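Open the model in your viewer and keep a selection box ready. The stops below go one by one: select, look, move on.

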Amino acid sequence: MSNAASVSTMSSYAILGCGSVGHAVAEDLASEGKSVLILDRDESRVEALRDQDLDARRTDIREDEVADLVADRDVLLILASDVEANKAAVSTIRERGGDQFIIVRASDPVSEDELTEAGADVVINPSQVIAESALRALETGELEYKAQQLADILHTGGGKLAILTHDNPDPDSIASAVALQAIADAHDVEADILYHGDIGHQENRAFVNLLGIELLPLSDVASLDEYALIALVDHMKSGDLGLDTGVDIFIDHYEPETDYDAEFMDVRPNVSSTSTILTKYIQEFDLSPNQEVATALLYGIRAETLDFKRDTTPADLTAAAYLYPFADHDTLEQVESPSMSPETLDVLAEAIQNRQVQGSHLVSNAGFIRDRDALAQAAQHLLNLEGITTTAVFGIADDTIYLAARSKDIRINIGNVLDDAYGEIGEAGGHSTQGSTEIPLGLFTGIEASEDNRDTLLALAEEAVRKKLFDAMGVESSANDAGNGS
């Protein structure tokens, strides 16, 4: 790019080659009070432009004199349909020392490269622009249709809405539920947010407490039949719920493994968080999100994308930019920097001490635990070790082996790996970067738990967990990998 000032600060323009595209640009610039010079070799077209009180002159943009004619202009838009003429104009202007900001029209990828090499700052391919515009229009129209469909379901539901997060919900699932609850409220529909499992991660607890989010344990609900509508948000990680009632609304950024046959479904694998999808609906319904909803959604997007460092899409970024002015950033800072509980610190210390590494894969035993959510935090911390791409940390609580895994290896889906390793003997779920497993201890080791056999249980569990996981990942486990890597 030339050393010229940015386009936003410039005030004088020249359009070289004024067909239908150039004419439309000239009219828009003139309507904004910009100084516009138009150069075109078609005399009748030049006369027609002059009749519209536009400054138009007849000249062939291939000629050397074109550089002198535009020397006092800040921005040059070279928009002739003749690409060879456009190349000649760019080359002439640059060879004569012109440092204006040049935007030029191409016809295909080859001419795009040639025009860039000739010195153009921005190259536009009309076919590509039209295709992108059509896709944007399609996305806008589809979102408008889906929003109306969602509104119709809420209006005709005839009663209360139950919004179910995934098991042991994370920020994305909770935030998405909060947003759907706000949308339901705007349509005069009362909604409860229900969850199964625990909210154990300290950041998640801080997130819920600081924002005053009301969540109801699913076990506190006598029957889902008391709700007229059932919605699942960011729920793919939970697998099959075994619901006795049908699902009316399903919104997720992962394809469901169970066919819920919901009346309303919006699944978008092309975005990285369900919070992004719900933000689009907040915008489509023209709802100004209150501070709690905006803060929740922004944190949901940031948490799911690891603060925009993992699989972030343009849609995630635009959603975050929309939410940013509405969010409470002091609360976000508190959520993201909670104090570590003594239990979590103990689990992390055990996991570091007992880590076993095979290649870039790490498995660790945290022993007998009280807070199973500390396993996920330990797995995430250990993923930061040099050379490690996949971690799995397990512990024993309540006669159950709990395992949490994290991965940044693009070649594997850790959720699928856990299902392959433990799906037949326990409950396993997750997605490409994280997953969890619960296995009945007696079923896994063949020994009932007691105070007298704790050490034996840990040893058996450690050996079996590691072997099954490494086998599922296709990693050869050896007796020599038992060192802690220190």
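## First stop: a loop threonine

Select T433 and its contacts: beyond the neighbours within four places in sequence, T433 is in contact with R310, A405, R406, S407 and I414. This is a predicted model, so treat every stop as a prediction. T433 sits in the loop between strand 17 and strand 18 (434-440). Is T433 buried or exposed? It is buried, with a relative accessible area of 8%. The cut-off for buried is under 20%, so T433 qualifies although it lies in a loop.

## The whole chain

Zoom out and colour by secondary structure. The chain has 17 helices and 18 strands. Of its 486 residues, 50% are buried. Now consider contacts with a separation of 6 or more: 59% of them join residues 24 or more positions apart.

## The six-stranded sheet

Show strands 13 to 18 as cartoon. An open sheet is formed by 6 strands in the order 13-14-15-16-18-17, with mixed pairing. Its edges are strand 13 (356-358) and strand 17 (427-430), each pairing on one side only. On average, neighbouring strands of this sheet are turned by 15° against each other, direction ignored.

Go to the strand 13 edge. Strand 13 and strand 14 (residues 361-368) run antiparallel and are joined by 3 bridges. Pick Q358, then look across: H361 in strand 14 stands opposite.

Next, add helix 13 (residues 342-353). Helix 13 lies across strand 14 and strand 15 (390-397). Its angle to strand 14 is about 130°.

## Helix 8 and its packing

Select helix 8 (residues 202-211) and show side chains. Which residues of helix 8 are buried? They are Q202, N204, A206, F207, V208 and L211. Now bring in the packing partners. These buried residues pack against helix 7, helix 10 (291-304), helix 12 (329-336), helix 13 and helix 14 (373-382). Helix 13 is thus a link between two stops: it lies across strands 14 and 15, and buried residues of helix 8 pack against it.

Step just past helix 8. There G212 takes a positive phi of about 65°.

## Two aspartates with positive phi

Most residues other than glycine have a negative phi. The next two picks go the other way.

Select D53. Its phi is near 65°, a positive value in a residue other than glycine. D53 is in the loop between helix 2 (43-51) and strand 3 (55-58). D53 is exposed, with a relative accessible area of 74%.

Now select D188. Its phi is near 60°, again positive in a residue other than glycine. D188 lies in the loop between helix 7 (171-186) and strand 8 (191-195). Its relative accessible area is 75%, so D188 counts as exposed; the cut-off is over 50%.

## Strands 1 and 2

Move to the start of the chain. Strand 1 (residues 12-16) and strand 2 run parallel, joined by 5 bridges. Pick A14 to see one pair: its bridge partner in strand 2 is L37. How many of the 6 residues of strand 2 (residues 35-40) are buried? The count is 5, so strand 2 is largely enclosed by the rest of the structure.

## Helix 15 and a distant stretch

Select A421, which is in helix 15 (residues 414-422). A421 is buried, with a relative accessible area of 10%. Draw a distance from its C-alpha atom to that of F470: the separation is 8.5 Å, although the two are 49 residues apart along the chain. Leaving out residues up to four places away in sequence, A421 touches K468, L469 and A472.

## Last stop: the second largest pocket

Switch on a surface. The second largest pocket has a volume of about 460 Å³. Its lining takes in 19 residues. Which of them lie nearest the centre? Select E139, L143, R268, N270 and K280.

Three helices each supply at least two lining residues: helix 6 (126-156), helix 9 (274-284) and helix 11 (314-323). The largest share, 6 residues, comes from helix 9. Finish by colouring the lining by class: 6 nonpolar, 6 polar and 7 charged residues.

Definitions and conventions:
Residues are numbered from 1 along each chain as its sequence is written. This is a predicted model: local features need pLDDT of at least 70, side-chain atom pairs count only at pLDDT 80 or more; totals for chains, interfaces and linings use all residues. Side-chain values use heavy atoms; hydrogens and water are left out. On a 1 Å grid over the protein atoms alone, a cavity is a set of points where a 1.4 Å probe fits but cannot get out, and a pocket is an open set with protein on both sides within 12 Å along at least five of seven lines; lining residues have an atom within 4 Å of a point. Grid points are joined across faces, edges and corners, and a volume is the space filled by probe spheres set on the points. Helices (H or I, at least four residues) and strands (E, at least two) are DSSP runs, numbered from the N terminus. Ala, Val, Leu, Ile, Met, Phe, Trp, Tyr, Cys and Pro count as nonpolar, Asp, Glu, Lys and Arg as charged, and the others, Gly among them, as polar. Buried means under 20% relative accessible area, exposed over 50%, partly exposed in between (1.4 Å probe, protein chains only). Two strands pair if DSSP finds at least two bridges between them. Axes are lines fitted to C-alpha atoms, for helices over the stretch in contact, and angles run from 0 to 180 degrees between N-to-C directions. Contact means heavy atoms within 4.5 Å.
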